[in-house]
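Let's take a friendly walk through this model. Keep the sequence and the 3D view at hand as you read.

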Amino acid sequence: MNVQNMDKALRKSRRALLTVGVAACGLIAANVLLAAKMYSQSNQVVLVPTTVSDGMVARGAVDKGYVEALALDAVYAMYNSSPRTVHYGRSVLERLSGPSERAEILDTYDRISKDITERKISTVFFPRKIEHNFASYEVVVEGDLATYLETTQVTREARRILIRFKPQAGSVRLAAIGKISAEE
């Protein structure tokens with residue numbers, strides 16, 4: 001081997017080593033930046049409603065547990081929302097509501113979801129107590145409604161929510177849902 005070929009091979013290997021070193025430094029820097037971003041960013045978890053199938057009313061008697069589960073699903077669909085989950089809440093309310101009341105319930109939900117989307121907030125309802133009045137197909141859910149801006153809780157207020165059901169074709173359907181005052 002002559003000196004010129006050895007010098008050429010040495011320069012070529014140094015260039016390759018430098019290229020690999022620069023690429024490795026770039027990958028390390030990207031990983032450091034990604035780790036810093038993940039460390040500084042906080043994630044927010046929003047509870048989504050459960051899935052309830054159609055319930056039955058046997059000989060006019062309503063199953064207490066089933067109606068309670070429907071009421072909680074309706075409350076969660078209406079009040080556990082973020083800009084990313086408003087479509088899911090709407091579909092749950094659409095499925096649970098009766099045909100004649102569906103438009104009014106969805107209009108109310110659309111007003112709430114528009115506000116949530118515009119203000120980029122999230123709301124979470126924490127139930128504390130459930131009261132039943134099966135004679136009139138009503139359930140009152142008492143709890144706290146918390147509002148979050150990103151991961152910071154902005155407000156937390158006590159809220160009583162009245163859920164009215166209507167027997168229909170062997171099952172019960174959501175007829176109305178809304179906030180009631182503390183005195184009622």
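## Two helices, a sheet and a pocket

In this predicted model, helix α2 meets helix α3 through L70, D73, A74, A77 and M78 on the α2 side and G89, V92, L93 and L96 on the α3 side. Sorted by class, the residues of this contact are seven nonpolar, one polar and one charged. Packed helices are described by the angle between their axes and the distance between the axes. Here the axes of α2 and α3 (residues 86-96) come within 8 Å and cross at roughly 145 degrees. The crossing of α2 past α3 is left-handed.

Next comes the sheet. Its four strands form an open sheet in the order β3-β4-β5-β6, and their pairing is antiparallel. At the edges you will find β3 (122-133) and β6 (171-180), each of which pairs on one side only. From one strand to the next, the twist averages 25 degrees. Helix α2 (residues 64-79) also packs on this sheet, where α2 touches β3, β4, β5 (152-168) and β6. The direction of α2 makes about 155 degrees with that of β3.

How many bridges join β3 to β4? There are 11, and the two strands run antiparallel, with β4 covering residues 138-149. Two of the facing pairs are handy to locate in your viewer:

| Residue | Opposite residue in β4 |
|---|---|
| E131 | V140 |
| N133 | E138 |

Between β3 and β4 the hairpin has four residues, and Y137 in this hairpin takes a positive phi near 55 degrees.

Now for a pocket. The second largest pocket has a volume of about 270 Å³. Which residues of its lining are the closest to its centre? They are D115, I121, T123, L145 and T147, out of 15 residues that line this pocket. Several elements contribute: α2, α4 (102-119), β4 and β5 each supply at least two residues of the lining. The largest share comes from α4, with five residues. By class, the lining of the second largest pocket holds seven nonpolar, three polar and five charged residues.

To tie these parts together, follow α2: this helix meets α3, packs on the sheet and supplies at least two residues to the lining of the second largest pocket. Strand β4 is another good one to follow, since β4 is joined to β3 by 11 bridges and supplies at least two residues to that lining.

Terms used: Residues are numbered from 1 along each chain as its sequence is written. This is a predicted model: local features need pLDDT of at least 70, side-chain atom pairs count only at pLDDT 80 or more; totals for chains, interfaces and linings use all residues. Side-chain values use heavy atoms; hydrogens and water are left out. Two strands pair if DSSP finds at least two bridges between them. Axes are lines fitted to C-alpha atoms, for helices over the stretch in contact, and angles run from 0 to 180 degrees between N-to-C directions. Contact means heavy atoms within 4.5 Å. On a 1 Å grid over the protein atoms alone, a cavity is a set of points where a 1.4 Å probe fits but cannot get out, and a pocket is an open set with protein on both sides within 12 Å along at least five of seven lines; lining residues have an atom within 4 Å of a point. Grid points are joined across faces, edges and corners, and a volume is the space filled by probe spheres set on the points. Ala, Val, Leu, Ile, Met, Phe, Trp, Tyr, Cys and Pro count as nonpolar, Asp, Glu, Lys and Arg as charged, and the others, Gly among them, as polar. A crossing is left-handed if the near helix is turned anticlockwise from the far one by less than a right angle, and right-handed if clockwise.
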